[in-house]
Amino acid sequence: TQTIDGQGVQRVNHTRSHPHDLPVVPTLTDSGQHLTLEIEFPGRMLKVRVWTARAGHITLYLLDTNIPDNSEADRAITHQLYGGDREMRLQQELVLGVGGVRALRALKLRATIWHINEGHAAFLVLERCREYVQQGHTLASALEIVAAGTVFTTHTPVPAGIDRFE
């Protein structure tokens, strides 16, 4: 929960929740296993599980690194939105961008338009380009194809709302 105090300072209050108390269920593969993806990180493979939440006719897929196969540090990547230092934020954005594309591919969902909210999922552009290059496209044509199907929005046009990385 975010609030603004009397001095205009943003305050964040975290509410602890347990997955069993939430309206989410494991996303299952055709063989009935919990859908788990892999993303190559420097010196290791990160495992990411996919969960499904339904709100009416809307289906939301959530990505989770808090699984026993990951190190304690890697398990924390998806623990808190906007949490941690710049390296943590970069890892979160890799999970969201690359993991998001891979999750939709594993679910055999074919997006026609991809929406990036701020830069949080920007790595999906690189992941989709990687796929096209792997299929035989040049990088230039891959970039053109991906750009034609990508929408970008900024909802927090203030410096505090924009991640910057070296």
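**Group meeting: salt bridges and a helix pair in a predicted model**

Of the 166 residues of the chain, 29% count as buried. Please keep in mind throughout that the structure before you is a predicted model.

Good morning. I shall begin with the chain as a whole, then turn to its salt bridges, and finish with one pair of helices.

The chain contains four helices and eight strands. Read from the N terminus, its elements follow the order β-β-β-β-β-β-α-α-β-α-α-β. Taken along the principal axes, the box filled by the C-alpha atoms is roughly 55 × 40 × 40 Å. Consider next the contacts in the chain with a separation of 6 or more: 49% of them are between residues 24 or more positions apart.

Let us move to the charged side chains. As a general point, side chains of opposite charge can pair when their charged atoms come close. How many salt bridges does the structure hold? The count is nine, and I shall present three of them.

The first pair to discuss is Asp30 with Lys108, whose closest N and O atoms are 3.7 Å apart. Asp30 belongs to the loop between β3 (24-26) and β4 (36-41), while Lys108 belongs to the loop between α2 (86-106) and β7 (114-117), so this salt bridge ties together parts that are 78 residues apart in sequence. Are these two residues buried or exposed? Asp30 has a relative accessibility of 78% and therefore counts as exposed. Lys108 has 62% and is likewise classed as exposed, because the cut-off for that class is over 50%.

The next pair is Arg44 and Asp74, whose side chains form a salt bridge with an N to O distance of 2.7 Å. Here, too, distant parts of the chain are linked: Arg44 is in strand β5 (residues 44-55) and Asp74 is in helix α1 (residues 72-75), 30 residues apart. What is the accessibility of each partner? Arg44, with a relative accessible area of 30%, is partly exposed. Asp74, with 5%, is buried, because buried means under 20%.

The third pair also involves strand β5. Lys47 makes a salt bridge with Asp69, and their closest N and O atoms are 3.7 Å apart. Lys47 lies in β5 and Asp69 in the loop between β6 (58-64) and α1, so that distant parts of the chain, 22 residues apart, are linked by the pair. Lys47 counts as partly exposed at 22% relative accessibility, whereas Asp69 counts as exposed at 57%. Which residues are joined with this pair into one network? Through salt bridges that share partners, Glu38, Lys47 and Asp69 form one network.

I now come to the helix pair. Helix α3 (residues 123-134) packs with helix α4 (residues 139-148) at an angle of about 130°, and their axes are 9 Å apart. That angle makes α3 oblique to α4. The crossing of these helices is right-handed.

Which residues meet here? On the α3 side they are Val125, Arg128, Cys129, Tyr132 and Val133. On the α4 side they are Leu139, Ala142, Leu143, Ile145 and Val146. By type, the residues of this contact comprise nine nonpolar, no polar and one charged. Arg128 is the charged one, because Arg is counted in that class.

To summarise, we have considered three of the nine salt bridges in the structure, together with the oblique packing of α3 and α4. Thank you for your attention.

Technical notes
Residues are numbered from 1 along each chain as its sequence is written. This is a predicted model: local features need pLDDT of at least 70, side-chain atom pairs count only at pLDDT 80 or more; totals for chains, interfaces and linings use all residues. Side-chain values use heavy atoms; hydrogens and water are left out. Axes are lines fitted to C-alpha atoms, for helices over the stretch in contact, and angles run from 0 to 180 degrees between N-to-C directions. Helices (H or I, at least four residues) and strands (E, at least two) are DSSP runs, numbered from the N terminus. Angles under 35 degrees count as roughly parallel, over 145 as roughly antiparallel, 65 to 115 as roughly perpendicular and the rest as oblique. A crossing is left-handed if the near helix is turned anticlockwise from the far one by less than a right angle, and right-handed if clockwise. Contact means heavy atoms within 4.5 Å. A salt bridge is a side-chain nitrogen of Lys or Arg within 4 Å of a carboxyl oxygen of Asp or Glu. Buried means under 20% relative accessible area, exposed over 50%, partly exposed in between (1.4 Å probe, protein chains only).
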